[in-house]
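Work through these exercises with the structure open beside you. Try each task before you read its solution.

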Amino acid sequence: MSKGLGTTVGRSSRRRILRLAGGGITMAALGAGLTGCEDELATGGEGSTPPPRSASPEDGKAPADGQAPEPLWTKSTSAQTYGDNDELVAVDGVVIASGDPLAAFDGATGEERWSLPDGAVPGAPLLLGDGTLYLESGKYDGSVAGYVPGSGKEAWRSRLGKEYRQPRPVAVDAEQVYVIAEILEADGSSHTNVIAALNSGTGKVAWKEQRDLGTEQNGVHAAVQGRYLVYTDFKNNLTVRDTATGKQVWTHKTTKTSYGPFAIHQDLVIVPQGRQLQAFALSDGSEKWSVRTEEFTAFREPSLLEDVLYIADSARTLWAVEPGTGKKIWQSTALEDASAQVPRQFVKVGGTLYGATDLDKQGGIHAFDAKTGGLRWTFNDKSGDYHSWLVATDGKRVYALHGKKLHALPA
């Protein structure tokens, strides 16, 4: 499966606005755009997370008192993130957070390896494919660029055309970069948008298809699986296109939280929709399985790691599910027992599952036993920053971004 899974493009989204509101920004300042949006945030209880300890646990195992490990290093960054999963990546010995300038830090030492002014639009996804980091140009010049992650050197650049405004990468595979761009009218306005594929070798346009009137170029999450390009958007659409031609294979109207990240497993796309977690066949959109959580409870964003689907719900239950069948492997109430925040993004190293939360109080980076869902410890930097936590790993360390603070934790 390609990188770029669960990507969001655009400078803001409903989910981001909800996160900012949860962080203490007044609803009045956010305007009327929240009307009708589902509040996905699960609030935590009172109290504070234990402070970092002076000695790190071995092999991700928590010490007897359950306190978190001390960071291996902490750096201030230029990060400007909005809480989407593809704004922090670890690859080729470096860790990179979306921001201006775009900067890469040595994973082992935290020393800056390279910096790129106007390298990317803050908050835009960092898409990895075939050893290249693909970015929406921070110069707003209508180009899409590819860089060598370890050095920051430009390796590829492409433009969709003058009749389109600011193509935004949404997904990438070994052969193509998939972008969405506004279609410009004669007066410079735009009412429609196009989805297109750029050849990742030559930069030439492989195909382009105009999307339906009323669709938006912002808020798209996308992924590629074989011959299928899959994406969701703010208009509650789940759409599959043929990667070779761009032709639409099928589309479904979805509900509730379908504008967020989803997961792909073999020939299935798995989408959370409020109480329901549904799997559809990529070939024809037929439903293959469905799981429901408790009444008045909503599923959060899923993560597929080593053929296990991990997902939390707003009742603070953590699930491990077989992605091919929807069969429950285990459920854990450890979050509820600890009055801890619900994670929405996961990475896994060895026998430990790490989850990043939205809200800061009683949140941060949770470490779970991947076999049972037991909560081992929670790391929090005590900054009180309202930004969502982001987590990434290179298999040796776990990187936690909170606002402009980047921490490296032992894995």
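**Exercise 1: A loop residue**

Tyr 140 sits in the loop that links β7 and β8. This is a predicted model.

Task: Find the sign of phi at Tyr 140, then decide whether Tyr 140 is buried, partly exposed or exposed.

Solution.
- Step 1. Read the angle. Phi of Tyr 140 is near 55 degrees, so the value is positive, and the residue is not a glycine.
- Step 2. Read the accessibility. Tyr 140 has 47% relative accessibility.
- Step 3. Apply the cut-offs. Buried means under 20% and exposed means over 50%, with partly exposed in between. Tyr 140 therefore counts as partly exposed.

**Exercise 2: Another loop, another positive phi**

Task: In which loop does Arg 316 lie, and is Arg 316 buried or exposed?

Solution.
- Step 1. Locate the residue. Arg 316 lies in the loop between β23 (308–312) and β24 (318–321).
- Step 2. Check the backbone. Phi of Arg 316 is positive, about 70 degrees, although the residue is not a glycine.
- Step 3. Classify. The relative accessibility of Arg 316 is 16%, so Arg 316 counts as buried.

**Exercise 3: A buried polar side chain**

Task: Which backbone oxygen lies 2.8 Å from a polar atom of the Gln 225 side chain?

Solution.
- Step 1. Place the residue. Gln 225 belongs to strand β14 (residues 221–225).
- Step 2. Judge its burial. Gln 225 has a relative accessible area of 15%, so it is buried.
- Step 3. Find the partner. The oxygen belongs to the backbone of Gln 266.

**Exercise 4: The largest nonpolar core**

Task: How many residues does the largest nonpolar core have, and which strands each supply at least two of them?

Solution.
- Step 1. Count. The largest nonpolar core has 15 residues.
- Step 2. Pick out those with the most contacts inside the core. They are Ile 96, Leu 102, Trp 114, Leu 126, Leu 133 and Leu 135.
- Step 3. Name the strands. At least two core residues come from each of β2 (88–91), β3 (94–97), β4 (102–106), β5 (112–116), β7 (132–136) and β8 (143–147).
- Step 4. Follow one member. Leaving out residues up to four places away in sequence, Leu 126 touches several residues, including Ile 96, Leu 102, Leu 133 and Leu 135.
- Step 5. Set this in context. In soluble globular proteins, nonpolar side chains tend to be buried together.

**Exercise 5: A cis peptide bond**

Task: Which residue is joined to Pro 101 by a cis peptide bond?

Solution.
- Step 1. Find the loop. Pro 101 is in the loop between β3 and β4.
- Step 2. Read the bond. Asp 100 is joined to Pro 101, with omega about 0 degrees.

**Exercise 6: Two open sheets**

Task: What is the strand order in the open sheet that contains β18, and in the one that contains β26?

Solution.
- Step 1. Trace one sheet. Its 4 strands follow the order β18-β19-β20-β21, with antiparallel pairing. The edge strands, β18 (263–265) and β21 (287–292), each pair on one side only.
- Step 2. Inspect one pair. Strand β20 (residues 276–281) and β21 pair over 5 bridges. Leu 277 stands opposite Val 291 in β21.
- Step 3. Trace the other sheet. Its 4 strands follow the order β26-β27-β28-β29, and the pairing is antiparallel. The twist averages 25 degrees from one strand to the next.
- Step 4. Inspect one pair here. 6 bridges join β26 to β27 (residues 352–357). Val 347 has Tyr 354 in β27 as its bridge partner.

Notes: Residues are numbered from 1 along each chain as its sequence is written. This is a predicted model: local features need pLDDT of at least 70, side-chain atom pairs count only at pLDDT 80 or more; totals for chains, interfaces and linings use all residues. Side-chain values use heavy atoms; hydrogens and water are left out. Buried means under 20% relative accessible area, exposed over 50%, partly exposed in between (1.4 Å probe, protein chains only). A polar contact is a pair of N or O atoms within 3.5 Å; within protein, one must be able to donate a hydrogen and the other to accept it, and residues adjacent in sequence count only if both atoms are side-chain atoms. A nonpolar core is a set of buried Ala, Val, Leu, Ile, Met, Phe, Trp, Tyr and Cys residues joined through side-chain atoms within 4.5 Å. Contact means heavy atoms within 4.5 Å. Two strands pair if DSSP finds at least two bridges between them. Axes are lines fitted to C-alpha atoms, for helices over the stretch in contact, and angles run from 0 to 180 degrees between N-to-C directions.
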